[in-house]
Amino acid sequence: MVQYNFKKITVVPNGKDFIDIILSRTQRQTPTVVHKGYAISRLRQFYMRKVKYTQQNFHEKLSTIIDEFPRLDDIHPFYGDLLHVLYNKDHYKLALGQINTARNLIGKIAKDYVKLLKYGDSLYRCKSLKVAALGRMCTVIKRISPSLAYLEQIRQHMARLPSIDPNTRTILICGYPNVGKSSFMNKITRADVDVQPYAFTTKSLFVGHTDYKYLRYQVIDTPGILDRPFEDRNIIEMCSITALAHLRAAVLFFLDISGSCGYSIAQQAALFHSIKSLFMNKPLIIVCNKTDLQPLDGLSEEDMKLVMEMKAEALKTVMGQGGEPTNEEGVLLTMSTLTEDGVIAVKNAACERLLDQRVELKMKSKKINDCLNRFHVAIPKPRDQKERPPCIPQAVLEAKAKQAAEKEKRKTEKDLENENGGAGVYSASLRKNYILANDEWKEDIMPEILDGHNVYDFVDPDILLRLEELEREEGLRQAEEGDEDFEMDGNDLTPEEQKALAEIRKKKSLLIQQHRIKKSTAESRPIIPRKFDKDREFTTERMGRQLSQLGLDPSLAVDRARSKSRGRKRERSLDRRDSDGEAMDMDIDQPSKKLRLQSRSRSRSKSRPPSEVVPGEGFKDSKQKVKAIKLGKKSVRKRNKDARRGEADRVIPTLKPKHLFSGKRSIGKTQRR
């Protein structure tokens, strides 16, 4: 069985990359050091080697391209015509011909310049000849750059072509656009062809596979065909025509009898008659699709007449295969891909008819006699009248019976779940498989241990009764409190009691305000915010009078309040010179910047040393903290040393790759590679 795998074709580089590949290989694989003091024969040999090596590399590369691309005359006619439809056979052959011409030209250039190098009389002349030879070779490659780019585009497109075997069992689906071909393909195979409610959703051939009677069948979904002259058909339609013309397959012509595809039955019948020459010698089945929208019996007389004419044409293919003209089964079938009604019947009929045709063709071939000579069908005959029943050992019978009994008796968790109410009701017991001395212990409650004590020892068995008593008592108390009106009415009080009650309420409101102030303000703010003292009632004079009435000295409290409201001012601390009495001897010409720095250094708060232990860090003392910091730095040191450049680091690209701009490596390390 021939397999055409176009995915293995080597990538075709463009002209510039082609030259870079060959010249860099020449630079790496040939000697690069030469001196003018060498003998002239050595110089000639040095440059002749470079020219010959470059020509060999060009020849190998171009030969690979020519050999790997398929020759249209040597492959199967289906692929030959398909490539002609897609890429134009003339352009394809012309591109490969230019590659072949370039290969021959490079060979001639190398041959001519090797001759000239034999007569080179100096290092300069030999080098000039080598440069000229390589330059002419590169010029030839530059001239065929469009052909190389064209072949690379063809290679990419051919790699995306489906792998179709023209000789295997094939079912071909054809018809107008949007009649249900791709939907049928998705139903009977594992292919995933795009299905949309508009025409020409399928723009190329799609391949799927299905099984029938333990045989693998290839199913091909073709793009829709329109009824128009052959010359006016586009590339998409020509793919279908090519498949119909060259593949030996069972053809399923899809007919949309509902008309929802946008084409009437008359138009579809006209298409059938225009391409019926492509159905010769092939099993043909007419499939009436979308019967869920329009049954076959509900068609008009004109449409039914057209369908019967197509059926008569399909019967001719049955007669051409040696079938009975009265055998109308499997020629006209109805189905609906939406409801899947009749889909399997259509598939089975197509596979059966294709299989019968292939068997009949093989029986008529000349090779059948060679095959039949190899077969011998042996039919056993009884030698006497004695019955010989099969003998099965007793041990085997007992083992089978035991196995069947075990299989019947054993119940799974799923069976138990169904018997006991189903999911959400039945909960599987995880303890029933415990191996214990007594099976009654399996459902015992496991003790819960907390801090070395059994929790159950501290559980009061009468806790529920006590809880009910407490709730009853609480209910009684709430009822009594409800009866007593705790709200104090000022009308029942004497004037002295009313005055005392007003003082109490005023005091309570002041306490609430003070609490809110303490809770919401920071230390740096004044104790009494201005929003509470809009009328300037809370002053130091008032506070002094109130403290004097209580018999206290208000001077300290007033001074403290004034210092708080004034804010903290930085006080200049005396340095050592001030303490020695030398503060007045300061140099007056000292710059102000230096003074500013000195004052800043004095006023800045001292930062906490790293060795100081903060509560909550988990260290015993500062010594232990210093040791932990050292160990942490030591553990990170190796990882930092082994750091490599990552994708997040700044990268400066190499503008001159070393393999293209450096000479031959000397004997030594090969770490660069």
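This note covers a sheet, one of its strands, a helix and a surface patch in a predicted model.

1. **The sheet.** Six strands make up an open sheet, and its pairing is mixed. The order is β2-β3-β1-β4-β5-β6. Two strands stand at the edges: β2 (206–212) and β6 (332–334). Each has a single partner strand, so one side of each lacks a neighbour in the sheet. On average, neighbouring strands are turned by 25° against each other, direction ignored.

2. **Strand β1 and its neighbours.** β1 spans residues 170–175. In the sheet order it sits between β3 and β4. It runs parallel to β3 (residues 215–221), with 4 bridges joining the two. One contact to check on screen is T170, whose bridge partner in β3 is Q218. On the β4 side (residues 250–256), the run is again parallel, with 5 bridges. There, G175 has F254 as its bridge partner.

3. **Burial of β1.** Is β1 mostly covered or mostly open? It is mostly covered: 6 of its 6 residues are buried. Both faces take part. T170, L172 and C174 are buried on one side. I171, I173 and G175 are buried on the other.

4. **The β5–β6 end.** Strand β5 covers residues 284–289 and is joined to β6 by 3 bridges. The two strands run parallel. V287 stands opposite L333 of β6. β6 is one of the edge strands noted in point 1.

5. **Helix α3.** This helix covers residues 77–87. Its buried residues are F78, Y79, G80, L82, L83, V85 and Y87. What do they pack against? The partners are α4 (89–117), α6 (145–159) and α8 (235–246). In an α-helix, residues three or four places apart point the same way, because there are 3.6 residues a turn. After α3 comes N88, which has a positive phi, near 70°.

6. **A nonpolar surface patch.** L450, V455, Y456 and V459 form a nonpolar patch on the surface. Together they have about 410 Å² of accessible area. V459 lies in the loop between β8 (453–454) and α15 (463–483). Why is V459 classed as partly exposed? Its relative accessible area is 44%, and the class lies between the 20% and 50% cut-offs.

How values were computed. Residues are numbered from 1 along each chain as its sequence is written. This is a predicted model: local features need pLDDT of at least 70, side-chain atom pairs count only at pLDDT 80 or more; totals for chains, interfaces and linings use all residues. Side-chain values use heavy atoms; hydrogens and water are left out. Buried means under 20% relative accessible area, exposed over 50%, partly exposed in between (1.4 Å probe, protein chains only). Contact means heavy atoms within 4.5 Å. Two strands pair if DSSP finds at least two bridges between them. Patches are made of residues with over 30% relative accessible area and no salt bridge: like charges are joined within 9 Å, nonpolar side chains (Val, Leu, Ile, Met, Phe, Trp, Tyr) within 5 Å. Accessible areas come from the Shrake-Rupley method with a 1.4 Å probe; for residues, only the protein chains shown count as cover. A salt bridge is a side-chain nitrogen of Lys or Arg within 4 Å of a carboxyl oxygen of Asp or Glu. Axes are lines fitted to C-alpha atoms, for helices over the stretch in contact, and angles run from 0 to 180 degrees between N-to-C directions.
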